[in-house]
Amino acid sequence: MDTKASEPTADEANPMLTEKQVAAFLSVTPRHLYSWRMAGFIPYYKIGRAIRFRKAEVDEALARMRVG
């Protein structure tokens, strides 16, 4: 039996998220997320006019902001 068929692909395991989704996930306003994005705290992708974030990269950025 091939177990690879049931494993999520790289894109499924690390989905692209919208600004609204990331702001809700982080419990911050979209404006605050924009400030973090412009300051370089959170990496993002610009696809046409749309801004997208990778879940794993948001998690890594959050870990870098950890205090203590």
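## Exercises on a predicted model

In strand β3, A50 is the bridge partner of I47. The structure is a predicted model, and the exercises below start from its strands.

**Exercise 1.** Find how β2 and β3 pair, and describe the turn that links them.

*Solution.*
Step 1. Strand β2 covers residues 45-47 and pairs with β3 over three bridges, in the antiparallel sense. One bridge of β3 is that of A50 with I47.
Step 2. The two strands form a hairpin, with two residues between β2 and β3.
Step 3. In the turn, G48 has a positive phi of about 65°.

**Exercise 2.** Work out the strand order of the sheet and name its edge strands.

*Solution.*
Step 1. Strand β1, residues 16-18, is joined to β3 by three bridges, and these strands run antiparallel. In this pair, T18 stands opposite R52 of β3.
Step 2. β3 also pairs with β2. The order is β1-β3-β2 in an open sheet of three strands with antiparallel pairing.
Step 3. β1 and β2 are the edge strands, since each pairs on one side only.
Step 4. On average, neighbouring strands of the sheet are turned by 45° against each other, direction ignored.
Step 5. Two helices pack on the sheet. α2 touches β1 and β3, and its direction makes about 85° with that of β1. α4 touches β1, β2 and β3, and its direction makes about 70° with that of β3.

**Exercise 3.** Decide whether α2 and α3 are roughly parallel or roughly perpendicular, and list the residues in their contact.

*Solution.*
Step 1. The axes of α2 and α3 come within 9 Å and cross at roughly 100°.
Step 2. Angles of 65 to 115 degrees count as roughly perpendicular, so α2 and α3 are roughly perpendicular to each other.
Step 3. α2 contributes E19, V22, A23 and L26 to the contact, and α3 contributes P30, L33, W36 and R37.
Step 4. Sorted by class, the contact has six nonpolar, two charged and no polar residues.

**Exercise 4.** Identify the residues of the largest nonpolar core and the elements that supply them.

*Solution.*
Step 1. The largest nonpolar core has 11 residues: L17, V22, A23, L26, L33, W36, I42, I51, F53, V58 and A61.
Step 2. Two or more residues each come from α2 (19-26), α3 (30-38), β3 (50-54) and α4 (55-64). The largest share, three residues, is that of α2.
Step 3. In soluble globular proteins, nonpolar side chains tend to be buried together.
Step 4. Take I42 as a sample member of the core. Leaving out residues up to four places away in sequence, I42 touches L26, L33, W36, R37, F53, V58, A61 and M65.

**Exercise 5.** Classify P15 by its accessibility and find what P15 touches.

*Solution.*
Step 1. P15 lies in the loop between α1 (10-13) and β1.
Step 2. Buried means under 20% and exposed means over 50%. P15 has 29% relative accessibility, so P15 counts as partly exposed.
Step 3. Not counting residues up to four places away in sequence, P15 touches F53, R54 and K55.
Step 4. P15 and K55 are 40 residues apart in sequence, but their C-alpha atoms are 5.9 Å apart in space.

Key:
Residues are numbered from 1 along each chain as its sequence is written. This is a predicted model: local features need pLDDT of at least 70, side-chain atom pairs count only at pLDDT 80 or more; totals for chains, interfaces and linings use all residues. Side-chain values use heavy atoms; hydrogens and water are left out. A nonpolar core is a set of buried Ala, Val, Leu, Ile, Met, Phe, Trp, Tyr and Cys residues joined through side-chain atoms within 4.5 Å. Buried means under 20% relative accessible area, exposed over 50%, partly exposed in between (1.4 Å probe, protein chains only). Helices (H or I, at least four residues) and strands (E, at least two) are DSSP runs, numbered from the N terminus. Contact means heavy atoms within 4.5 Å. Two strands pair if DSSP finds at least two bridges between them. Axes are lines fitted to C-alpha atoms, for helices over the stretch in contact, and angles run from 0 to 180 degrees between N-to-C directions. Angles under 35 degrees count as roughly parallel, over 145 as roughly antiparallel, 65 to 115 as roughly perpendicular and the rest as oblique. Ala, Val, Leu, Ile, Met, Phe, Trp, Tyr, Cys and Pro count as nonpolar, Asp, Glu, Lys and Arg as charged, and the others, Gly among them, as polar.
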